[in-house]
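Biologist: I should like to go through this structure with you, beginning with helix packing and then turning to cores and backbone angles. Please set out the terms as you use them.

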Amino acid sequence: MSESRRPQILITGANGQLGRLVIAKLLQTLPPAQITAAARHPASVSDLAALGVDVRVADYDRPDTLDAALAGIDRMLLVSSNNVTGRAAQHQNVIEAALRAGVRLVVYTSILHADTSTLALARDHRETEALLLKADLDTVMLRNGWYTENLVMSLESALANGAHYGCAGDGRIAAASRADYAEAAAAVLIAEQPEPVYELAGDNSFTLTEYAAEISRQSQQSVRYVDLSQADYDAALVAAGLPAPLAGMLANADACAAEGYLFDDSGELSRLIGRPATAMGNVVSAALAARSVLPVQAH
């Protein structure tokens with residue numbers, strides 16, 4: 001799509017980890033004034049405002065904030081809400097505001113194979129994709145695979161217990177880093193003619209047994225993979241202190257991985273970003289260096 005002027009690009013959830021990475025990538029090629037950072041609390045992105053990025057209030061649950069946020073916007077990245085219950089209604093608020101504002105392209109962060117996936121997380125994404133397709137908007141679905149950071153969030157526990165627990169069996173996971181998916185989003189936002197759907201996943205898949213072996217290799221501590229039933233893994237996560245909805249989401253994802261729903265070998269992600277996707281071992285290395293627990297990105 002060509003415009004007579006430089007398009008104004010808006011990123012929702014700009015204070016989140018993905019949104020910030022997308023903006024950082026865009027700033028490498030675009031002037032700050034061409035980028036709009038939308039967040040519920042502008043103070044959370046005050047550093048971006050200091051760089052010259054246009055900062056606006058946008059709350060998915062407050063439609064009155066969305067019309068002002070989207071005024072004059074040509075292209076937007078709709079980062080899916082972290083509210084994993086009922087977020088399709090939140091997304092609908094944004095889509096309706098985009099229609100009123102005349103936004104020309106909406107790029108949405110969906111989930112890998114959203115149309116066929118059995119992941120519990122996929123339902124809201126299918127609903128949102130359907131809403132977008134019904135709207136009179138040009139759309140791109142970024143169907144992001146699993147984030148490798150979702151695995152290394154339990155690194156400390158794995159090292160302490162000498163085991164990584166799950167219920168994925170021998171299912172192969174084609175995960176990629178958050179930075180990879182952010183770079184893909186930035187590439188689509190500035191592309192002349194993006195494709196309507198991208199199935200995005202890592203280049204080199206792995207099993208959780210291979211993941212545990214990589215932790216062992218790099219940490220020089222013995223870490224094995226312990227495969228549980230879905231119910232037992234769910235219960236173990238709750239016993240470890242995770243909220244029940246998050247525990248259920250992770251256990252469901254593992255169970256779906258066992259059936260191949262976190263696997264893709266199309267290579268679309270690396271082609272889109274023009275480089276190999278970040279290897280699982282590199283994410284493990286970074287997490288070991290930081291020795292910090294990373295939060296799950298709920299697709």
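Modeller: Axes are lines fitted to C-alpha atoms, for helices over the stretch in contact, and angles run from 0 to 180 degrees between N-to-C directions. Helices (H or I, at least four residues) and strands (E, at least two) are DSSP runs, numbered from the N terminus. The model is predicted, so local features need pLDDT of at least 70 and side-chain atom pairs pLDDT 80 or more, whereas totals for chains, interfaces and linings use all residues. Residues are numbered from 1 along each chain as its sequence is written, and side-chain values use heavy atoms, without hydrogens or water.

Biologist: At what angle do helix H9 and helix H13 pack, and which word describes it?

Modeller: The axes of H9 (residues 208–219) and H13 (residues 280–290) are 10 Å apart, at an angle of about 50 degrees. Angles under 35 degrees count as roughly parallel, over 145 as roughly antiparallel, 65 to 115 as roughly perpendicular and the rest as oblique. H9 is therefore, relative to H13, oblique.

Biologist: Which residues of H13 make the contact with H9?

Modeller: Contact means heavy atoms within 4.5 Å. H9 contributes Glu210, Tyr211, Glu214, Ile215, Gln218 and Ser219. From H13 come Met280, Gly281, Val284, Ser285 and Leu288.

Biologist: Which helix gives the most to the largest nonpolar core?

Modeller: A nonpolar core is a set of buried Ala, Val, Leu, Ile, Met, Phe, Trp, Tyr and Cys residues joined through side-chain atoms within 4.5 Å. This one has 55 residues, of which Val22, Leu26, Met76, Leu77 and Leu142 touch the most other members. The helix that gives the most, with seven residues, is H8 (residues 178–190).

Biologist: Is Ala186 of helix H8 buried or exposed?

Modeller: Buried means under 20% relative accessible area, exposed over 50%, and partly exposed in between (1.4 Å probe, protein chains only). Leaving out residues up to four places away in sequence, Ala186 touches Val22, Lys25 and Leu26. Because its relative accessibility is 4%, Ala186 counts as buried.

Biologist: What is the accessibility class of Gln220, which has a positive phi?

Modeller: Most residues other than glycine have a negative phi. Gln220 has a phi of about 60 degrees and is found in the loop between H9 and strand E9 (224–227). Since its relative accessibility is 75%, Gln220 counts as exposed.

Biologist: Which class does His113 fall into?

Modeller: His113 also has a positive phi, near 50 degrees, and is found in the loop between strand E5 (105–111) and helix H5 (122–134). At 23% relative accessibility, His113 counts as partly exposed.
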